[in-house]
Amino acid sequence: MAYAVISDVHSNLEAIRTVFEDLKRKKIKDVFSLGDSVGYGAEPNECIELLKTECKVILAGNHDWGVCGLTDIAFFNEYARAAIEWTRDVITEENIAELRSFPVKSEPKEKNITLVHSTPYQPEQWHYLFRLSDAEFNFRHFDTDICFIGHSHQPVIIEKTPSGELVAYKNTASVRYGSRYIINVGSVGQPRDGDPRACYAVVDEGKVEIARIRYDIEAAQTKMLEAGLPLPLIERLSSGV
């Protein structure tokens, strides 16, 4: 059965609503979220409520932990810190408790997949996976056929063939018997690969696809501006960088 994996919604309600509408058109019901539900955007409570309704699993990301005090935000850049502090002022106590309850790793047995926000190696330390050498190391730290990650907002599909060769794909790849995969699903709410469209991954009939969907960026920017969030966070939505 087809399923979707999303990540890094970052309080962008316009983007995640559009993604869920797209998934309904595709008749995909099983959705897994890799975390960073909040941070950056203007509607954290609304995004958490929607994700709770639509997702089978919701993980915690570093911005989620930053908001609820489980990660020191001194290491975040100034704009991310400002957004987290703003989020702390508007988020409900119930949703703070929800963020605290989300795990940093999940392995849904029915799918034979691993889900983490950052990396399968020390997922609570929020490491980044950018290079093939990073992938090679992280393949040693999960046992399933596929590991889905987010965190960097940079979508990519990395296949490790039965011979040990690593192959990277940008948009789509076949899921082959004997191969293993690390798949970065990109970001729904704040893409950073030069494409401003909302990004997520779909697995269906032996194929994985990085899907893109346009959403109302101007509406999201208007809400952020009205909330007084940092201008660079608002502007970058238009360019996806």
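Let me start with Ser-11. Is Ser-11 buried or exposed? Its relative accessibility is 2%, and the cut-off for buried is under 20%, so Ser-11 counts as buried. Keep in mind that this is a predicted model. Ser-11 sits in the loop between strand 1 and helix 1. If we set aside the neighbours within four places in sequence, Ser-11 is in contact with Ser-37, Val-38, Gly-39, Gly-41, Ala-42, Glu-43, Pro-44 and Cys-47.

Now the chain as a whole. The secondary structure comes to eight helices and 12 strands. Buried residues account for 57% of the 241 residues. The C-alpha trace spans about 55 × 35 × 30 Å along its principal axes. For 241 residues, a compact globule would have a radius of gyration near 18 Å, and the 17 Å of this chain agrees with that. As for contacts between residues at least 6 apart in sequence, 71% of them join residues at least 24 apart. The accessible surface is about 10700 Å², and carbon and sulfur atoms hold 49% of that surface.

Next, the sheet. In which order do the six strands of the open sheet stand? The order is 3-2-1-11-12-9, with mixed pairing. Strand 3, residues 57–58, and strand 9, residues 172–174, are at the edges; each has a single partner strand, so one side of each has no neighbour in the sheet. Helix 1, residues 13–25, packs on this sheet and touches strand 1, strand 2, strand 11 and strand 12. The direction of helix 1 makes about 25° with that of strand 11.

Let me stay with strand 11, residues 198–204. Strand 11 runs antiparallel to strand 1, residues 3–6, and three bridges join the two. Within that pairing, Tyr-3 stands opposite Val-203. With strand 12, strand 11 pairs over seven bridges, in the antiparallel sense. One example is Tyr-200, whose bridge partner in strand 12 is Ala-211. Strand 11 and strand 12 form a hairpin with two residues between them. In that turn, Glu-205 has a positive phi of about 50°. How much of strand 11 is covered? Six of its seven residues are buried, so to speak of it as mostly covered is fair.

A general remark on strands: in a regular strand, the side chains alternate between the two faces of the sheet.

Last topic, the aromatic rings. How many aromatic pairs does a search of the whole structure find? It finds six. One of them is Tyr-3 with Phe-32, an edge-to-face pair with 5.9 Å from centre to centre and 85° between the planes. This pair links distant parts of the chain, with Tyr-3 in strand 1 and Phe-32 in strand 2, 29 residues apart. Tyr-3 has a relative accessible area of 6% and is buried. Phe-32, at 0% relative accessibility, also counts as buried. Another pair is Phe-139 and Phe-142. Why is this pair tilted? The ring centres of Phe-139 and Phe-142 are 5.7 Å apart and the planes stand at 35°; tilted covers what is neither under 30 nor over 60 degrees, so the pair is tilted. Both Phe-139 and Phe-142 are buried.

Which residues form one aromatic cluster with Tyr-3? They are Phe-32 and Phe-148. So Tyr-3 comes up twice in this talk: opposite Val-203 in strand 11, and in the edge-to-face pair with Phe-32.

Notes:
Residues numbered from 1 in each chain as written. Predicted model: local features only at pLDDT ≥ 70, side-chain atom pairs only at ≥ 80, totals over all residues. Heavy atoms only, no water. Pairing = 2+ DSSP bridges. Helix = DSSP H or I, 4+ residues; strand = E, 2+ residues; numbered from the N terminus. Contact = heavy atoms within 4.5 Å. Axes fitted to C-alpha atoms, helices over the stretch in contact; angles between N-to-C directions. Rg over C-alpha atoms; globule rule 2.2 N^0.38 Å. Buried < 20%, exposed > 50% of the residue type's maximum accessible area, 1.4 Å probe, protein only. Areas by Shrake-Rupley, 256 points an atom, 1.4 Å probe, with all protein chains shown as cover. Phe/Tyr/Trp six-rings, centres within 6.5 Å; stacked < 30°, edge-to-face > 60°.
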